[in-house]
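Hi,

Here is the model I promised to pass on. My notes on it follow below, so have a look and tell me what you think.

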Amino acid sequence: MFTDLPLDELRRYRPALPEPPGFDAFWHRTLDEARAHDLAPRFTPLNDGLTQLHVDDLDFAGFGGHRIRGWFLRPRAAAGPLPCVVQYLGYGGGRMFPHDWLLWPSAGYATLVMDTRGQSGPNRPGETPDPVGIAHPGVPGKLTQGLLDPDTYYYRRLITDAVRAVEVAHGHPAVDAARIVVAGGSQGGGLALAVTGLVPGLAGALIDVPFLTHVRRALDVTDQGPYGELARYFAGQRDHVDTALRTLDHFDGLNFAVRATAPALFGTALRDEVVPPSTGFAAHHHYAGEKQLEVWRFNAHESGGGAQRTAEVRFLRKLFGG
């Protein structure tokens, strides 16, 4: 069944922004602190049998100078500096294996896949720890880690890592720094949205069912997936709800959307119980750059799946030519 507002209301849905005082200053300070650490990217060639690609095992300094793992792939046959897709990952999984990321190299683009600190799963393994300890108790998962202070919140570290990944791509000699695109779905879509609001000069963004966006609305209409972690936390930590919501406002995708300038392709699905479609429509409506939206009426959190990827390939072909 449809999980949210009717489609005609979604097309008009433009809620107020949850912007906290000092939002820009908070993020300027956060990124300045991260940039005090040498980015120090290391690209280690990997011979894994993918004969048509150059594959590097990547690590670089993210938030706090912590080493973040990833992959860097590019087609052997392509000449000259290439467009690059910086790929962010969904919730609860890691960078997986190089052969899981063949789409963008097959389309002729370099691809930087950023591992997600502290997240991994049996079918989506990761290799990046999160060395930051959290004093205040939360619930299992990442959404409540450090939630009572923006400075200690988990997503401060993760979004900073995502910005630093773009800086790694920007500095690689095989990448055309003027043609860098950020991409992801769900948590990865939320990271891509955040980075578009923090990094000027991106060529584009692929933002599919973006998570951690219009969070206050999501908490009212779903307790599925990661948002359920917040609901369970608030059920026991009743005195901390207002403080936690103020923290979440510093990471809400709507506040990044109004600062974004890169052309973007969004995706949303009307039967999505994990990322309610009203939250994706709100991000699209507030997005300040050129934008398109694919709406999948009969799909859930998988969004358009392969059809969304096809739309993304077409979007980048139009963006870059060819």
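Arginine 29 and glutamate 33 sit 4 residues apart in helix 2 (residues 23–35), so about one helical turn separates them. Helices here are DSSP runs of H or I with at least four residues, strands are runs of E with at least two, and both are numbered from the N terminus. The two side chains form a salt bridge, with the closest N and O atoms 3.5 Å apart; the term means a side-chain nitrogen of Lys or Arg within 4 Å of a carboxyl oxygen of Asp or Glu. Arginine 29 is partly exposed at 34% relative accessibility, and glutamate 33 is partly exposed at 38%. (Buried is under 20% relative accessible area, exposed is over 50%, partly exposed is in between, using a 1.4 Å probe and protein chains only.)

Before going on, the small print: this is a predicted model, where local features need pLDDT of at least 70 and side-chain atom pairs count only at pLDDT 80 or more, while totals for chains, interfaces and linings use all residues. Residues are numbered from 1 along each chain as its sequence is written, and side-chain values use heavy atoms, leaving out hydrogens and water.

Glutamate 33 has another salt bridge, to arginine 156, with the closest N and O atoms 3.1 Å apart. Since glutamate 33 lies in helix 2 and arginine 156 in helix 4 (residues 154–171), this pair ties together parts 123 residues apart in sequence. Arginine 156 is buried, at a relative accessible area of 4%.

Aspartate 208 and arginine 309 also form a salt bridge, their closest N and O atoms being 3.1 Å apart. That pair links strand 7, home of aspartate 208, to helix 11, home of arginine 309, across 101 residues. Aspartate 208 is buried at 3% relative accessible area, whereas arginine 309 is partly exposed at 28%. Back to the earlier group: shared partners join Arg29, Glu33, Asp151 and Arg156 into one network. In total, the structure holds 21 salt bridges.

Now helix 11 itself. Its buried residues are Gln308, Ala311, Glu312, Phe315, Leu316 and Phe320. Seen down the helix axis, they fall within an arc of 155 degrees, so they line one face; the arc is taken from the directions from the axis to the C-beta atoms. On the other side, Gly306, Arg314 and Lys318 are exposed. Just after helix 11, glycine 321 takes a positive phi of about 85 degrees.

Cheers
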